[in-house]
Amino acid sequence: MEAIQVDGPAGVGGDARPAVRKRDREATRRRILDAARDLFGQHGYGGVTIRMIAAEADANTALVHRYFGSKADLFAEVLSGESVLRGVIAGGPEGLPRRLAEYFAHQVEHRSITSVSRLLDRSAGHPEVKQSLLRYLEDAIVEPMVEQLDGPNPRARAMLASTILMGGGPVRRLFGLNDLREADPDELTDRLTAMFTAALAP
C-alpha cells in the first residue's frame, strides 16, 4: 500500500517529507503500470479489472483511479510507455529491414514476446480500447515507417511490414514458437530481413 503522509513540519532542510511523498507516489505509479502491463498482456483488456491491478501492485483501487482515471485511461498510459519499437524504427531507412528482422528474431530466440505484442493480440477486439490501440500503431509504428519511405504507396508498404511485425497472434497461441527457435538464428534473421525488405520496397 502507498504510505500515508501526515502533513506537518518538514524534516531537516524543510523539504524531506515532500521528497519522500514524491518518491512514494512515483513508486506506486510505476507498480501500477507494471502490474497493468503484465495483466493486460496475460488476460487482455476485457479479462482484467481495476481490483486485480490494484492487488497485483499492492495498492488500492482508489489510488489506481486517482493516478490514472478509468481502466481505459490506464490501458492507454501503458501503451504510451512502450518505446522499444519506436527506437528500432527510428534508426534510419537504410538498415530498417534488418533492424526489424533482428527485433523479431530476438523475441523468438529469447522467448520474450513483448508486452505490446501481447496487448495487441489479446485486446484488439475490445471496443473500449480500439482507439488507443489504433493511435499507438499509427504513432509508434506505421507513421514512423512512412516517414522513412520514398516512392509510391508508402503507407501500404508500412502497413505490410507492420503486419509481419505485429501479426501472427493466433499462430503463436496454437503452435508456439518452438519451430522458429530450432532454426538457425542467423538464417532466421536473414529470411526476416528479406521479408521486410520486400514489404518496404517501392
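What share of the contacts in the chain with a separation of 6 or more is accounted for by residues 24 or more positions apart? The following points answer this and describe the fold of this predicted model.

1. **Long-range contacts.** Residues 24 or more positions apart account for 65% of the contacts in the chain with a separation of 6 or more. One pair that is distant in sequence is Phe68 and Leu33: 35 residues separate them along the chain, while their C-alpha atoms lie 9.4 Å apart in space.

2. **Overall composition.** The chain contains 12 helices and 0 strands. Its pattern along the sequence is accordingly written α-α-α-α-α-α-α-α-α-α-α-α. Of its 202 residues, 40% count as buried. The accessible surface comes to about 11,300 Å², and carbon and sulfur atoms contribute 54% of this area.

3. **The nonpolar core.** The largest nonpolar core comprises 53 residues. Ile32, Ile53, Leu74, Leu100 and Met145 have the most contacts inside this core. When neighbours within four places in sequence are set aside, Leu100 is in contact with Val88, Ile89, Met145, Leu165, Phe196 and Leu200.

4. **Phe68.** This residue belongs to helix H3, which covers residues 61–68. Phe68 counts as buried because its relative accessibility is 9%, and the cut-off for a buried residue is under 20%. Apart from neighbours within four places in sequence, the residues in contact with Phe68 are Arg29, Ile32, Leu33, Asp73, Leu74 and Glu77. Two of these partners, Ile32 and Leu74, are also named among the residues with the most contacts inside the largest nonpolar core.

5. **The length of helix H12.** Helix H12 runs from residue 185 to residue 200 and has 16 residues. At 1.5 Å a residue, its expected span is 22 Å; the end C-alpha atoms are 22 Å apart, so the two values agree. At the start of H12, the backbone nitrogen of Asp186 has a side-chain oxygen of Asp184 within 3.1 Å.

6. **The two sides of helix H12.** Which residues of H12 are buried? They are Leu188, Thr189, Leu192, Thr193, Phe196, Ala199 and Leu200. Viewed down the axis of H12, these residues fall within an arc of 135°, and they therefore line one face of the helix. The general geometry is helpful here: an α-helix has 3.6 residues a turn, so residues three or four places apart point the same way. On the other side of H12, the residues Asp186, Arg191 and Ala198 are exposed.

7. **The cover over helix H12.** The buried residues of H12 are covered by elements that include helix H6 (96–109), helix H8 (130–148), helix H9 (154–166) and helix H11 (178–182). Among the buried residues of H12, Phe196 and Leu200 are also contact partners of Leu100.

Conventions. Residues are numbered from 1 along each chain as its sequence is written. This is a predicted model: local features need pLDDT of at least 70, side-chain atom pairs count only at pLDDT 80 or more; totals for chains, interfaces and linings use all residues. Side-chain values use heavy atoms; hydrogens and water are left out. Helices (H or I, at least four residues) and strands (E, at least two) are DSSP runs, numbered from the N terminus. Buried means under 20% relative accessible area, exposed over 50%, partly exposed in between (1.4 Å probe, protein chains only). Contact means heavy atoms within 4.5 Å. The expected span of a helix is 1.5 Å times one less than its number of residues. The arc is that of the directions from the helix axis to the C-beta atoms. A polar contact is a pair of N or O atoms within 3.5 Å; within protein, one must be able to donate a hydrogen and the other to accept it, and residues adjacent in sequence count only if both atoms are side-chain atoms. A nonpolar core is a set of buried Ala, Val, Leu, Ile, Met, Phe, Trp, Tyr and Cys residues joined through side-chain atoms within 4.5 Å. Accessible areas come from the Shrake-Rupley method with a 1.4 Å probe; for residues, only the protein chains shown count as cover.
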